[in-house]
Amino acid sequence: MNGAMVQVPASQLKDLHRSAQGMLDLLARTPVMPIIWIHEADTAVGVARALVEGGVTVFEVLLRTPAALQAVEAVRRHVPEATVGAGTLLCAADVQRALDAGAQFGVTPGLVPDLAQAAVRLQLPLLPGVWTASEVMSAMAWGFEALKLFPANGLQGVQQIEHLQGVFPRARFCPTGGIKPEHIPQYLALRSCPTVGGSWVTPRALVAARDYPAITALARQAAAFMSARSA
Ligand code: 3PG
(Lines give C-alpha, C1' and ligand atoms only; values in the text may rest on other atoms or scores of the structure.)
Protein backbone atom coordinates (compact mmCIF):
# COMPACT_ATOMS: atom_id res chain seq x y z
CA MET A 1 0.00 0.00 0.00
CA ASN A 2 1.37 3.44 -0.88
CA GLY A 3 0.37 6.01 1.73
CA ALA A 4 1.75 8.89 -0.33
CA MET A 5 -0.99 8.31 -2.92
CA VAL A 6 -3.77 8.57 -0.34
CA GLN A 7 -5.61 11.87 -0.18
CA VAL A 8 -8.79 12.46 1.78
CA PRO A 9 -11.14 14.86 -0.04
CA ALA A 10 -11.79 17.95 2.09
CA SER A 11 -15.55 17.31 1.91
CA GLN A 12 -15.02 14.01 3.75
CA LEU A 13 -12.90 15.38 6.61
CA LYS A 14 -15.79 15.77 9.05
CA ASP A 15 -17.00 12.22 8.39
CA LEU A 16 -13.47 10.97 8.78
CA HIS A 17 -13.09 12.39 12.26
CA ARG A 18 -16.48 11.02 13.28
CA SER A 19 -15.66 7.50 12.10
CA ALA A 20 -12.13 7.59 13.53
CA GLN A 21 -13.20 8.83 16.98
CA GLY A 22 -16.01 6.28 17.12
CA MET A 23 -13.53 3.41 17.00
CA LEU A 24 -11.28 4.91 19.68
CA ASP A 25 -14.32 5.25 21.94
CA LEU A 26 -15.28 1.62 21.35
CA LEU A 27 -11.80 0.35 22.24
CA ALA A 28 -11.92 2.42 25.43
CA ARG A 29 -15.03 0.44 26.45
CA THR A 30 -13.53 -3.05 26.36
CA PRO A 31 -10.19 -4.70 27.28
CA VAL A 32 -10.98 -7.72 25.10
CA MET A 33 -12.71 -7.83 21.72
CA PRO A 34 -14.14 -11.30 21.08
CA ILE A 35 -13.90 -12.48 17.49
CA ILE A 36 -16.78 -14.76 16.57
CA TRP A 37 -17.16 -17.35 13.82
CA ILE A 38 -20.88 -17.93 13.24
CA HIS A 39 -21.78 -20.90 11.08
CA GLU A 40 -25.47 -21.03 12.01
CA ALA A 41 -27.16 -17.64 12.20
CA ASP A 42 -29.55 -18.74 14.94
CA THR A 43 -26.63 -19.14 17.39
CA ALA A 44 -25.70 -15.45 17.11
CA VAL A 45 -28.27 -14.11 19.54
CA GLY A 46 -27.42 -16.73 22.17
CA VAL A 47 -23.70 -15.98 21.87
CA ALA A 48 -24.30 -12.23 22.03
CA ARG A 49 -26.51 -12.54 25.12
CA ALA A 50 -23.94 -14.81 26.76
CA LEU A 51 -21.18 -12.24 26.16
CA VAL A 52 -23.29 -9.36 27.46
CA GLU A 53 -24.16 -11.35 30.57
CA GLY A 54 -20.45 -11.88 31.17
CA GLY A 55 -19.78 -8.13 30.89
CA VAL A 56 -18.49 -7.95 27.31
CA THR A 57 -20.67 -5.77 25.11
CA VAL A 58 -18.38 -5.01 22.12
CA PHE A 59 -17.48 -7.83 19.74
CA GLU A 60 -16.80 -8.70 16.12
CA VAL A 61 -18.51 -11.24 13.85
CA LEU A 62 -16.18 -12.45 11.08
CA LEU A 63 -17.64 -12.07 7.59
CA ARG A 64 -16.07 -15.35 6.57
CA THR A 65 -19.14 -17.55 6.73
CA PRO A 66 -22.38 -17.42 4.72
CA ALA A 67 -24.33 -16.87 7.98
CA ALA A 68 -22.30 -13.86 9.17
CA LEU A 69 -24.41 -10.98 7.84
CA GLN A 70 -27.63 -12.56 9.05
CA ALA A 71 -25.93 -13.02 12.44
CA VAL A 72 -25.06 -9.31 12.65
CA GLU A 73 -28.65 -8.42 11.76
CA ALA A 74 -30.05 -10.77 14.41
CA VAL A 75 -27.79 -9.35 17.12
CA ARG A 76 -28.82 -5.80 16.24
CA ARG A 77 -32.48 -6.73 16.36
CA HIS A 78 -32.49 -8.82 19.54
CA VAL A 79 -29.53 -7.70 21.70
CA PRO A 80 -29.63 -3.91 21.91
CA GLU A 81 -27.08 -3.83 24.77
CA ALA A 82 -24.43 -5.17 22.38
CA THR A 83 -22.23 -3.23 19.98
CA VAL A 84 -21.51 -5.55 17.07
CA GLY A 85 -18.89 -5.12 14.39
CA ALA A 86 -18.22 -6.92 11.12
CA GLY A 87 -14.73 -8.31 10.63
CA THR A 88 -12.62 -9.24 7.61
CA LEU A 89 -13.87 -6.34 5.49
CA LEU A 90 -11.74 -6.41 2.33
CA CYS A 91 -13.29 -3.85 -0.06
CA ALA A 92 -15.81 -1.02 -0.36
CA ALA A 93 -18.64 -3.46 -1.10
CA ASP A 94 -17.95 -5.22 2.21
CA VAL A 95 -18.33 -1.90 4.04
CA GLN A 96 -21.74 -1.42 2.41
CA ARG A 97 -22.78 -5.01 3.20
CA ALA A 98 -21.71 -4.60 6.82
CA LEU A 99 -23.69 -1.36 7.18
CA ASP A 100 -26.75 -2.84 5.50
CA ALA A 101 -26.69 -5.66 8.06
CA GLY A 102 -26.52 -3.09 10.87
CA ALA A 103 -22.84 -3.44 11.85
CA GLN A 104 -21.77 -0.62 14.17
CA PHE A 105 -18.08 -0.83 13.27
CA GLY A 106 -15.80 -2.65 10.87
CA VAL A 107 -12.51 -4.50 11.23
CA THR A 108 -10.06 -5.23 8.41
CA PRO A 109 -6.86 -7.28 8.12
CA GLY A 110 -5.19 -4.46 6.13
CA LEU A 111 -6.14 -1.25 4.34
CA VAL A 112 -6.63 -0.36 0.68
CA PRO A 113 -7.84 3.04 -0.58
CA ASP A 114 -11.33 2.03 -1.77
CA LEU A 115 -12.08 0.39 1.57
CA ALA A 116 -10.77 3.37 3.55
CA GLN A 117 -12.71 5.81 1.40
CA ALA A 118 -15.95 3.85 1.78
CA ALA A 119 -15.61 3.70 5.57
CA VAL A 120 -15.01 7.45 5.74
CA ARG A 121 -17.79 8.32 3.28
CA LEU A 122 -20.31 6.03 4.98
CA GLN A 123 -19.06 6.94 8.49
CA LEU A 124 -18.45 3.38 9.60
CA PRO A 125 -16.04 3.39 12.55
CA LEU A 126 -13.13 1.26 11.34
CA LEU A 127 -10.31 -0.73 12.93
CA PRO A 128 -7.92 -1.23 10.02
CA GLY A 129 -5.19 -3.86 10.17
CA VAL A 130 -1.52 -2.80 10.22
CA TRP A 131 1.83 -4.31 11.07
CA THR A 132 4.55 -2.01 9.70
CA ALA A 133 5.33 1.67 10.26
CA SER A 134 4.38 2.40 6.64
CA GLU A 135 1.00 0.77 7.15
CA VAL A 136 0.43 2.82 10.31
CA MET A 137 1.32 5.98 8.35
CA SER A 138 -1.11 5.09 5.56
CA ALA A 139 -3.93 4.38 8.01
CA MET A 140 -3.25 7.59 9.91
CA ALA A 141 -3.26 9.56 6.64
CA TRP A 142 -6.90 8.49 6.38
CA GLY A 143 -7.49 9.64 9.96
CA PHE A 144 -7.59 6.18 11.54
CA GLU A 145 -5.85 6.09 14.91
CA ALA A 146 -7.42 2.92 16.32
CA LEU A 147 -5.56 0.13 14.56
CA LYS A 148 -5.68 -3.65 14.58
CA LEU A 149 -2.15 -5.03 14.91
CA PHE A 150 -2.33 -8.16 12.80
CA PRO A 151 -1.16 -10.87 13.01
CA ALA A 152 0.08 -10.39 16.57
CA ASN A 153 1.05 -14.07 16.72
CA GLY A 154 1.19 -14.71 20.45
CA LEU A 155 3.53 -12.26 22.13
CA GLN A 156 5.32 -11.10 18.96
CA GLY A 157 3.04 -8.10 18.82
CA VAL A 158 4.25 -6.79 22.18
CA GLN A 159 7.65 -5.76 20.80
CA GLN A 160 6.08 -4.46 17.62
CA ILE A 161 3.76 -2.16 19.59
CA GLU A 162 6.64 -1.02 21.80
CA HIS A 163 8.48 0.15 18.68
CA LEU A 164 5.45 1.65 16.93
CA GLN A 165 4.04 3.53 19.92
CA GLY A 166 7.31 5.46 20.32
CA VAL A 167 6.98 6.76 16.77
CA PHE A 168 3.18 7.17 16.68
CA PRO A 169 2.09 8.40 20.12
CA ARG A 170 -1.51 9.04 18.99
CA ALA A 171 -2.09 5.53 17.63
CA ARG A 172 -3.96 2.91 19.66
CA PHE A 173 -3.45 -0.76 18.90
CA CYS A 174 -5.75 -3.75 19.23
CA PRO A 175 -3.51 -6.78 18.62
CA THR A 176 -5.22 -9.90 17.29
CA GLY A 177 -4.23 -13.23 15.84
CA GLY A 178 -3.03 -16.12 17.98
CA ILE A 179 -3.40 -14.33 21.31
CA LYS A 180 -4.15 -16.47 24.35
CA PRO A 181 -5.49 -15.23 27.70
CA GLU A 182 -2.07 -15.58 29.34
CA HIS A 183 -0.60 -13.07 26.85
CA ILE A 184 -3.13 -10.36 27.61
CA PRO A 185 -1.58 -8.67 30.69
CA GLN A 186 1.63 -7.95 28.76
CA TYR A 187 -0.34 -6.27 26.00
CA LEU A 188 -2.62 -4.25 28.27
CA ALA A 189 0.39 -2.99 30.23
CA LEU A 190 1.44 -1.10 27.07
CA ARG A 191 0.43 2.56 27.05
CA SER A 192 -1.07 2.39 23.55
CA CYS A 193 -2.88 -0.95 23.84
CA PRO A 194 -6.36 -0.56 25.37
CA THR A 195 -7.82 -3.75 23.88
CA VAL A 196 -6.78 -7.22 22.76
CA GLY A 197 -8.78 -9.18 20.18
CA GLY A 198 -9.26 -12.92 20.07
CA SER A 199 -11.52 -15.86 19.42
CA TRP A 200 -10.68 -17.61 22.71
CA VAL A 201 -13.72 -16.00 24.38
CA THR A 202 -16.03 -17.65 21.85
CA PRO A 203 -14.36 -20.93 20.83
CA ARG A 204 -15.95 -22.46 17.76
CA ALA A 205 -16.72 -25.69 19.60
CA LEU A 206 -18.67 -23.86 22.33
CA VAL A 207 -20.57 -21.82 19.74
CA ALA A 208 -21.44 -24.96 17.76
CA ALA A 209 -22.54 -26.72 20.97
CA ARG A 210 -24.59 -23.64 21.98
CA ASP A 211 -22.87 -23.78 25.35
CA TYR A 212 -23.83 -20.25 26.35
CA PRO A 213 -23.03 -20.58 30.09
CA ALA A 214 -19.45 -21.55 29.18
CA ILE A 215 -19.18 -18.50 26.90
CA THR A 216 -20.50 -16.28 29.71
CA ALA A 217 -17.80 -17.69 32.01
CA LEU A 218 -15.10 -16.87 29.44
CA ALA A 219 -16.59 -13.40 28.93
CA ARG A 220 -16.33 -12.79 32.70
CA GLN A 221 -12.63 -13.69 32.51
CA ALA A 222 -12.23 -11.29 29.59
CA ALA A 223 -14.07 -8.44 31.32
CA ALA A 224 -11.87 -8.87 34.39
CA PHE A 225 -8.87 -7.76 32.29
CA MET A 226 -10.19 -4.19 32.55
CA SER A 227 -8.09 -3.81 35.71
CA ALA A 228 -4.90 -4.89 33.85
CA ARG A 229 -4.96 -1.80 31.65
CA SER A 230 -2.06 0.60 32.03
CA ALA A 231 -4.21 3.73 31.86
C1 3PG B 1 -8.55 -13.05 12.54
O2 3PG B 1 -8.92 -12.00 12.04
O3 3PG B 1 -8.41 -14.13 11.93
C4 3PG B 1 -8.32 -13.01 14.00
O5 3PG B 1 -7.54 -11.92 14.35
C6 3PG B 1 -7.80 -14.31 14.51
O7 3PG B 1 -7.83 -14.29 15.90
P8 3PG B 1 -7.61 -15.65 16.70
O9 3PG B 1 -6.21 -16.13 16.38
O10 3PG B 1 -7.79 -15.27 18.15
O11 3PG B 1 -8.64 -16.62 16.22
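## Exercises on the ligand site

The largest pocket of this predicted model has a volume of about 220 Å³. Of the 14 residues that line the largest pocket, Ile-35, Trp-37, Gly-177, Gly-178 and Ser-199 are the closest to its centre.

**Exercise 1.** Determine where the ligand sits and which residues surround the ligand.

*Solution.* Begin with the location: the ligand sits in the largest pocket. Next, list the residues around the ligand, which are Ile-35, Arg-64, Lys-148, Phe-150, Thr-176, Gly-177, Gly-178, Gly-198 and Ser-199. Then sort this shell by class, which gives two nonpolar, five polar and two charged residues. Glycine has to be placed with the polar residues in this scheme, and Gly-177, Gly-178 and Gly-198 are among the residues of the shell. Finally, apply the classes to the lining of the largest pocket, where there are six nonpolar, six polar and two charged residues.

**Exercise 2.** Find the atoms of Arg-64, Gly-177 and Gly-178 that approach an oxygen atom of the ligand, and state how much of the ligand's accessible area the protein covers.

*Solution.* Take the side chain to start with: a polar side-chain atom of Arg-64 is 2.8 Å from an oxygen atom of the ligand. Turn then to the backbone, where an N or O atom of Gly-178 lies 2.7 Å from a ligand oxygen atom, while a backbone N or O atom of Gly-177 lies 3.5 Å from an oxygen atom of the ligand. As a last step, consider the surface: on its own the ligand has 320 Å² of accessible area, and the protein covers 81% of that area.

How values were computed
Residues numbered from 1 in each chain as written. Predicted model: local features only at pLDDT ≥ 70, side-chain atom pairs only at ≥ 80, totals over all residues. Heavy atoms only, no water. Near = heavy atom within 4 Å. Polar contact = N/O pair within 3.5 Å; in protein donor to acceptor, adjacent residues only side chain to side chain. Areas by Shrake-Rupley, 256 points an atom, 1.4 Å probe, with all protein chains shown as cover. 1 Å grid on protein atoms, 1.4 Å probe; cavity = no way out; pocket = protein on both sides within 12 Å on 5 of 7 lines; lining within 4 Å. Sits in = over half its atoms within 2 Å of the grid points. Points joined across faces, edges and corners; volume = space filled by probe spheres on them.
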